[in-house]
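This report covers salt bridges and helix packing. Please read it alongside the sequence and coordinates.

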Amino acid sequence: MSPVSTSPTASAPARRDAEATKAAILKAARHLLARHAHTDITLKDIAERAGVSPPLILKYFGNKDTLFARVMNFEADADALLDAPLRELGRHMVRHVLTSQRERGADPLLRIAFAPLHGEHGDILRDNFRTQVTERLTARLTGPDAGLRAELAVATLLGLGVMYGIARGTHLRASTLDDIVNRYAPAVQGYLTPAGTTGPG
């Protein structure tokens, strides 16, 4: 085996490039899935947005279904979305949704709105969303109707994402991040910690 192929200094940049390419492909697929139905998205669409060739997508993910299985997973997004103490979670979630939209052009939740009503892919997306987002949030809440309150809080965030990223509300997009958080977060927090409930942190 040649020294070039075994050299750590030669292989490390290649590994970094591969990880960056895979991240770009996943980001492109998430972006498209948040705006289009799964069946309407082609490998060519993803490749063009990611700045790669379709064969490179096949190299890293095997096929479109495998790629979208990764995209349909909400665990990493939920980790970031729920990363705050309960008493501060409403503000954190609103800020995270807006920051994701503004800085990455992607919403951590919005692709659920484009889940097909029928078929395996829609079922997978809904199951993942329920177990990885709403049920995980429910487990953090105390008091009555925790499941309902969690779903209402998430629905409120989805509404914000739709108005900002899809309807592209002009007043909303012209407002400062802090102004929107100050106005919108209390509605979300009201579902998380309504009067009479307590929670850790």
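The text below goes through the salt bridges, then two helix pairs, then one threonine.

The model is predicted, so local features need pLDDT of at least 70 and side-chain atom pairs count only at pLDDT 80 or more, while totals for chains, interfaces and linings use all residues. Residues are numbered from 1 along each chain as its sequence is written, and side-chain values use heavy atoms, with hydrogens and water left out.

**Salt bridges**

There are 9 salt bridges in the structure. The term stands for a side-chain nitrogen of Lys or Arg within 4 Å of a carboxyl oxygen of Asp or Glu. Among them are these three:

| Pair | N to O distance |
|---|---|
| E88 and R87 | 3.9 Å |
| D123 and R126 | 3.2 Å |
| D179 and R183 | 2.9 Å |

Accessibility is given in classes: buried is under 20% relative accessible area, exposed is over 50%, and partly exposed lies in between (1.4 Å probe, protein chains only). In the first row of the table, E88 is partly exposed at 41% relative accessible area, whereas R87 is exposed at 56%.

The second pair sits in helix 8 (residues 120-138), where D123 and R126 are 3 residues apart, or about one helical turn. Helices (H or I, at least four residues) are DSSP runs, numbered from the N terminus. D123 has 39% relative accessibility and is partly exposed; R126 is partly exposed as well, at 28%.

The third pair belongs to helix 11 (residues 177-192), with D179 and R183 separated by 4 residues, again about one helical turn. D179 is partly exposed at 28% relative accessibility, while R183 is exposed with a relative accessible area of 66%. Elsewhere, D127, R130 and E135 are joined into one network by salt bridges that share partners.

**Helix packing**

Two packed helices are described by the angle between their axes and the distance between the axes. Axes are lines fitted to C-alpha atoms, for helices over the stretch in contact, and angles run from 0 to 180 degrees between N-to-C directions. Angles under 35 degrees count as roughly parallel, over 145 as roughly antiparallel, 65 to 115 as roughly perpendicular and the rest as oblique.

Helix 3 (residues 43-50) packs against helix 4 (residues 54-61) at about 100°, the axes being 8 Å apart. The two are therefore roughly perpendicular. Contact here means heavy atoms within 4.5 Å. On the helix 3 side the contact involves L43, K44, I46 and A47, and on the helix 4 side P54, I57 and L58. By class, this contact has 6 nonpolar, no polar and 1 charged residues. Ala, Val, Leu, Ile, Met, Phe, Trp, Tyr, Cys and Pro count as nonpolar, Asp, Glu, Lys and Arg as charged, and the others, Gly among them, as polar.

Helix 9 (residues 146-166) and helix 11 have axes 7 Å apart, at an angle of about 160°. This pair is therefore roughly antiparallel. R149, L152, A153, T156, L157, G159 and L160 of helix 9 meet I180, Y184, V188, Y191 and L192 of helix 11. The classes in this contact are 9 nonpolar, 2 polar and 1 charged residues.

**T21**

Is T21 buried or exposed? At 18% relative accessibility, T21 is buried. T21 belongs to helix 2 (residues 8-33). Leaving aside residues up to four places away in sequence, T21 touches V52, L56 and Y60.
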